[in-house]
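Reader: I am new to this structure and should like to learn how its features are read. Would you please guide me through them in turn?

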Amino acid sequence: MLMKIKEKFQIVRNIRFLYFLLTLLVIIFDIISVTIGVADITVADTFQIIWSQITRHEIATHITKGQQTIILNIRIPRILMAILTGMNLAVTGAVYQSIFRNDMADPYILGISSGASLGAAIGFMTSGFSPIYAFVGALVANVLVIGLSGMRGKVSTIRLLLSGLAINYFFSALLALIKISSQDKLLTIFTWGMGSLGAASYERVIILTAITVPTFIIFLILRKELNILLMGEDAARSLGLDVGCIRKILLGVSSILIATTVAFTGTIGFVGLIIPHVAKLIFGSNYRKTLPISAFLGMIFLLLCDNLSRALIPSGEIPIGIITALLGAPYFMYLIYRQRKREQR
Amino acid sequence: MIEIKNLNYQIGQKHILKDINYKFLQGKIYGIIGPNGAGKSTILKHIMGMISPSKSTIFYEGKDIKSFKVKDYAKHISYVFQENPRDLDFTVYEILQMGRYTYMDLMGDLKEKDETLIKQVMEDLNLEGIRDVSIKNLSGGEAQKVFIARALVQDTPYLLLDEPTSMLDIHNSVELMHLIQQIKEKRNLTIIMVLHDLNLAFGTCDEMLILKDGTLVISGPTQEVLQNPILQETYNYKIHLIQDETATTYIVPVL
């Protein structure tokens, strides 16, 4: 079955054509997403609002100011936020999998997101700029993961997952403490703890873009190093890679990216685990392809999840983290099952 | 020349290597043999700088290897591991490209002369047919050849191999040893190999080093080492030397 899917995709030999197709898909999903929501606005009206905004034309009289605000100031920034978040989560997942040489490594599972989340909550409580607090939280979590699971050789999956579990528990407990001690802001922290794109704004989209674009360029430049890291520490060294130095750069840059994302959207799990995995399954291990394809698939996946979170319950919305967990956790179970099968062989 | 000076290495109370002194000269095939746990692979790891003792002990062309940048050192010495990752979905060609990592530009692209070199190595090792095959789908022998090819693509004067035949059957092992001899002739390489199989070692190497319990017990030209009675003592086992009609000597343990 898998081989068949793989063969089908290999028809798309021209990688540029593939990127073009994926871009097209992202655009189509954007258009679909903008028409979905709790507010009762027809598809035709939606497009008219956007069109009149672009061309500065008069708008039809039956469209209210409120409807315009919903489309322009709520749905569009939210879609942009979903794209950026999906891309960031998928890409950092891919990067972590190379750093730790393990398919199960992902900032969410390793507790890096929890660290960032706790940092952001502290920033939120003390009215500081939460991405910076989140960055410190992510760094602390990184140091803990490395300290607990070790880095030399192939990092054992069990040790990695256990380290992640412990770190997740610890930071989640601290986060719960903060929640309890801050009654007034409780609700905001709660929904954001489950992951939500509800608080999207143009300001946040601009800040996140300003972080996403340079970090992604750095990752693209380092894709050859990401490939070589997969060979193992000693092999990478024999090929001329200064492993320690590259790992520090990768972890630092990933921490900035994951911290900013988490500070704005909360912890949205499993995207960084599933998406790079699917990308590698179909297009191979080479980060030349894995990185951009993960970015595209991450965008599409999170848009899809966001639409589900808005459309599943007619009266409101489900935090997006619940949707990604519902889809991602079974996949995670499948990965563990597959590993067991492999070990038994 | 690679020179080892007073190399001592211990983990906790256990001495892994004791007072090793040796000079590897250019253009020869060296074989390092010895019983399990004698410290054979540890020597190679020291030469590669993967284990770095506090004292200066390894010198490449007279220079302490600690003074080399990782990137520069990879242009002088390449290394083939005993075990290589086989679960990754890289094509043979992608693996070989990694051998030119130190020559890649910022975006990871190679120059035409690098591509020509990769092509040349593929021809020499007969890998053109599997250029775009994933290493996941290769047999043990093919995969080993690919990783040797990657080391050759590094185009270094020294090539180190850690038990290259440990995962191979007799046929593939012998073929690999022939290949290593051919490569050495064609590229005028210096090869240092850790081997387990005494017959393969004696049949291929010009010089032998025999280690026991971390000490270098004998070293010298292969024929001399072969006749040395210490060989039997090293393995703590009775060994027969048998000659065939072509005057090749074989080592047979007495069962």
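**Reading strands, a helix and an interface**

Author: In this predicted model, strand β7 (residues 158-162) of chain B is largely enclosed by the rest of the structure, because four of its five residues are buried.

Reader: Which strands are joined to β7(B) by bridges, and how many bridges are there?

Author: In a regular strand, side chains point alternately to one face of the sheet and the other. As for pairing, strand β6 (residues 77-80) of chain B is joined to β7(B) by four bridges, and the two run parallel. Within this pairing, Tyr79(B) has Leu160(B) as its bridge partner. Strand β8 (residues 190-194) of chain B also runs parallel to β7(B), with five bridges between them. In β8(B), Ile191(B) is the residue opposite Leu159(B).

Reader: Through which helix does the chain cross from β7(B) to β8(B)?

Author: The path leads through helix α6 (residues 170-187) of chain B, and this β-α-β crossover is right-handed.

Reader: Let us turn to a helix. What span should helix α2 (residues 15-34) of chain A have?

Author: One reckons 1.5 Å a residue, so the 20 residues of α2(A) should span 28 Å. The C-alpha atoms at its ends are 29 Å apart, which agrees.

Reader: Which residues of α2(A) are buried?

Author: A residue counts as buried if 20 or more other C-beta atoms lie within 10 Å of its own. In α2(A), this holds for Phe29(A), Ser33(A) and Val34(A). These residues lie on the same side of α2(A), because they cover an arc of only 130 degrees around the axis. The buried residues of α2(A) pack against α3 (43-55), α4 (65-99) and α14 (287-311) of chain A. On the other side of α2(A) there are exposed residues, among them Arg16(A), Phe20(A) and Ile28(A).

Reader: How many residues of chain A are in contact with chain B?

Author: There are 21 residues of chain A in contact with 22 residues of chain B. On the side of chain A that touches chain B, α10 (223-229) and α11 (233-238) of chain A each supply at least two residues. By class, this side of chain A has seven nonpolar, seven polar and seven charged residues.

Reader: Finally, why is Thr215(B) classed as partly exposed?

Author: The class follows from a count of neighbours: Thr215(B) has 15 other C-beta atoms within 10 Å, so it is partly exposed. Thr215(B) belongs to strand β10 (residues 215-221) of chain B. Its C-alpha atom is separated by 43 Å from that of Ile130(B), and the two residues are 85 residues apart along the chain.

Methods
Residues numbered from 1 in each chain as written. Chains lettered and ligands numbered in written order. Predicted model: local features only at pLDDT ≥ 70, side-chain atom pairs only at ≥ 80, totals over all residues. Buried ≥ 20, exposed ≤ 12 C-beta atoms within 10 Å, placed from the backbone. Pairing = 2+ DSSP bridges. Right-handed = clockwise from strand over helix to strand, strands pointing away. Expected span 1.5 Å × (residues − 1). Arc of directions from axis to C-beta. Contact = placed C-beta atoms within 7 Å. Nonpolar A, V, L, I, M, F, W, Y, C, P; charged D, E, K, R; others polar.
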